[in-house]
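The report below goes through a two-chain assembly, from its chains and their contact to single residues. The sequence and the structure come first.

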Amino acid sequence: MNSDKKSHGKDDIGCLGAIEAFYAYLDGELSEPQAIEDFEHHMSHCRSCFSRAEVERLLNRRMRETGTAKAPDELKDRVRRLLDEF
Amino acid sequence: MLAAAIVMTDHEDPKTFFSRGIEENMDALYGTALRLARSGADAEDLVAEAVSRAWSAIETLQDRQRFRPWLFRILHNCFISNYRREVVRPTEEALGADEDEELAALLNEQPDEFLVWWANPEREFFNDMLGSAITAAIDDLPDAFRATIVLVNVEGLTYDEAAEALGVPSGTIRSRMKRGRTLLQKALWRQARDAGITARTDTQRQ
């Protein structure tokens, strides 16, 4: 990813175009076939965007691993008591 | 997953359905509340209040397959009304600005060495980075971005579900992901720089 808006060929969406679709693609939320094709075309030509995508995938994995939390037993008991009252 | 289980139990009585849904989402509720409120005690209060409010509003759940986003929306509303009312509103207003220009400006602000680092990622960095450092970086994000990133990247909600949970259009979730993740990268970069990780990488590269 670069600030000079690199483009690789006249049909390439460029780094800023890639940013537009970046997280939607990585999160599996990009559904338009043309948008997916354009994004993957840019990724196959732009080393910095490809590298950034790799880093983002790692970060996604680490966030999933470290961000989740287990509800404390006290909270589970508290909620169970609440549910019993309903 | 839960959605599939609910399809199989459409005829379950409301109380049984609700109790099971709460139990299956307990860790996700607490994890989200913890990242929103940033305090274990506050998170527990938030979850307890959300469960009470959700049961009171069970008749507003029209589609049982949407239980999860419906539940998270109630949790988020509890958070806004109890803890962060004064902060969330200005953040929402700021989102009305031209986001692409802001994002481009944000990228341009990043120092050259950051771009070099992106182009040559030190892959061990995130593996080595302590979980507490990542959660600290998430906790530092403004409310709107933090809530979005936690729901999507930590709890695994789809953009549509997150939009429903936060009461915003799907396009807003996309925008928040872009800006929120960019802010997160900057925070992690600063941590890496302060810890000397990127400096070490530069030295190795020479």
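What follows describes a predicted model, beginning with chain A and moving on to the contact between the chains, the domains of chain B, the nonpolar core and three residues.

**Chain A and its contact with chain B**

Chain A contains four helices and zero strands, so that no break in the order α-α-α-α is found on reading from the N terminus. Of its 86 residues, 24% count as buried, and among the contacts in chain A with a separation of 6 or more, 50% are between residues 24 or more positions apart.

The contact between the two chains involves 36 residues from chain A and 39 residues from chain B. On the side of chain B that touches chain A, two or more residues come from each of α2 (14–24), α3 (26–37), α4 (40–56), α6 (99–109), α7 (112–119), α9 (131–139), α10 (143–154) and α12 (170–194). By class, this side of chain B consists of 24 nonpolar, seven polar and eight charged residues.

One pair of helices across the contact can be described in detail. The axis of helix α3 (residues 47–67) of chain A comes within 9 Å of the axis of α9(B), and the two cross at roughly 95°, which means that α3(A) is roughly perpendicular to α9(B). From α3(A) the residues taking part are Arg62(A), Met63(A), Thr66(A) and Gly67(A), and from α9(B) they are Gly131(B), Ile134(B), Thr135(B) and Ile138(B). Taken by class, the residues of this helix contact are three nonpolar, four polar and one charged.

**Domains and core of chain B**

The domain assignment divides chain B into domain 1 (1–90) and domain 2 (95–206), and the contact between these domains takes 15 residues from domain 1 and 16 residues from domain 2. On the domain 1 side, α3 and α5 (67–94) of chain B each supply at least two residues, and α5(B) gives the most, with eight residues. The residues on that side of domain 1 comprise six nonpolar, three polar and six charged.

The largest nonpolar core has 62 residues, and those with the most contacts inside it are Ala33(B), Leu46(B), Val47(B), Ala50(B), Leu75(B) and Ala162(B). Both domain 1 and domain 2 of chain B contribute at least three residues each to this core. In soluble globular proteins, nonpolar side chains tend to be buried together.

**Three residues**

Ala162(B), one of the residues with the most contacts inside the core, is in contact with Thr148(B), Leu151(B), Val152(B), Leu157(B) and Ile173(B), once neighbours within four places in sequence are left aside. Ile173(B), in turn, lies in helix α12 of chain B and, with residues up to four places away again not counted, touches Thr148(B), Tyr159(B), Ala162(B), Ala163(B) and Val168(B). Ile173(B) counts as buried because 28 other C-beta atoms lie within 10 Å, where 20 or more are required.

Arg78(A) is placed in helix α4 (residues 73–85) of chain A. Arg78(A) is partly exposed, because 17 other C-beta atoms lie within 10 Å, a count that falls between the limits of 12 or fewer for exposed and 20 or more for buried.

The table lists a pair of residues for Ile173(B) and another for Arg78(A), with the separation in sequence and in space.

| Pair | Apart in sequence | C-alpha to C-alpha |
|---|---|---|
| Ile173(B) and His11(B) | 162 residues | 33 Å |
| Arg78(A) and Ala18(A) | 60 residues | 47 Å |

How values were computed:
Residues numbered from 1 in each chain as written. Chains lettered and ligands numbered in written order. Predicted model: local features only at pLDDT ≥ 70, side-chain atom pairs only at ≥ 80, totals over all residues. Contact = placed C-beta atoms within 7 Å. Nonpolar A, V, L, I, M, F, W, Y, C, P; charged D, E, K, R; others polar. Core = buried A, V, L, I, M, F, W, Y, C linked by C-beta atoms within 7 Å. Domains from an automatic or database assignment. Axes fitted to C-alpha atoms, helices over the stretch in contact; angles between N-to-C directions. Parallel < 35°, antiparallel > 145°, perpendicular 65-115°, else oblique.
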